[in-house]
Amino acid sequence: FSGKVEFGKLQNALDKMHFAITISNLSAPDQPLVYFNPAFQTLTGATAEHLGQNCRFLQGDTENDAARAEIRTALTEKRPTLVVLKNVHQQSGELFHNLLMLEHVGVYENAPELAVGTQFGLLPEELNDMDLPDGQVRHSVVAQVADTILRTRLQRRRIASDTAVRLLQSWSIMA
Ligand code: FNR
């Protein structure tokens, strides 16, 4: 997308981060991934061939109806959201729980609408604390966990993802 030179700089920074970060183009059909970093590849087993696909490929045939509905609504309303999804590691085939923090990036004339997502692989003890009923995602519990156990991890990522969002916004303005 536009602002190629500037995106190169952001990409270098994002590539080095120790946590997963993804950018999707919401203006293109089926909202394809336009960027993910090596940490995302490690967490999910995704490879370069997944670029250009919608990130739902990670779900395999697991049930994520409540979380998916929340994501679709949040993207339509252009508000941030936090959900837990069941995902499948693309290399090992193992199921893991993915805490996804999504943020919409504002629309500017002639610039695509983007979303930035950062993914956490939840540790077994974090998952136990969430007391997830089978096949169900409890958003209130997710919010509670985000407030307590994951506070530090979340805040550090929030800052990084906000920075990415702000940079993308300023470059969109310049485009
Ligand atoms: C996603 N989505 C997503 N889904 C998932 O299972 N694991 C993930 O890591 C991510 N990451 C992610 C990042 C970004 C930036 C976006 C915009 C979305 C969600 C997925 O792509 C899709 O939006 C949801 O599944 C809801 O739409 P559907 O599948 O109901 O059409």
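Two strands pair if DSSP finds at least two bridges between them. Strands are DSSP runs of E with at least two residues, helices are runs of H or I with at least four, and both are numbered from the N terminus. The model is predicted: local features need pLDDT of at least 70, side-chain atom pairs count only at pLDDT 80 or more, and totals for chains, interfaces and linings use all residues. Residues are numbered from 1 along each chain as its sequence is written.

**Exercise 1.** Work out how S1 and S5 are joined, and place them in the sheet.

*Solution.*
- Step 1. Six bridges join S1 to S5. The two strands run antiparallel.
- Step 2. Take Ala20. Its bridge partner in S5 is Gln119.
- Step 3. Now read the whole sheet. Five strands form an open sheet, ordered S2-S1-S5-S4-S3, with antiparallel pairing.
- Step 4. Find the edges. S2 (33-36) and S3 each have a single partner strand, so one side of each is left without a neighbour in the sheet.

**Exercise 2.** Describe the shell around the ligand by residue, element and class.

*Solution.*
- Step 1. Count the shell. The ligand is surrounded by 19 residues, with C-beta atoms, placed from the backbone, within 6 Å of it. Ser24, Cys55, Arg68, Ala115 and Gly117 are the closest.
- Step 2. Assign elements. S1 (20-25), H3 (65-77), S3 (81-88), S4 (95-105) and S5 (114-121) give two or more residues each.
- Step 3. Sort by class. Seven are nonpolar (Ala, Val, Leu, Ile, Met, Phe, Trp, Tyr, Cys, Pro), three charged (Asp, Glu, Lys, Arg) and nine polar (the others, Gly among them).
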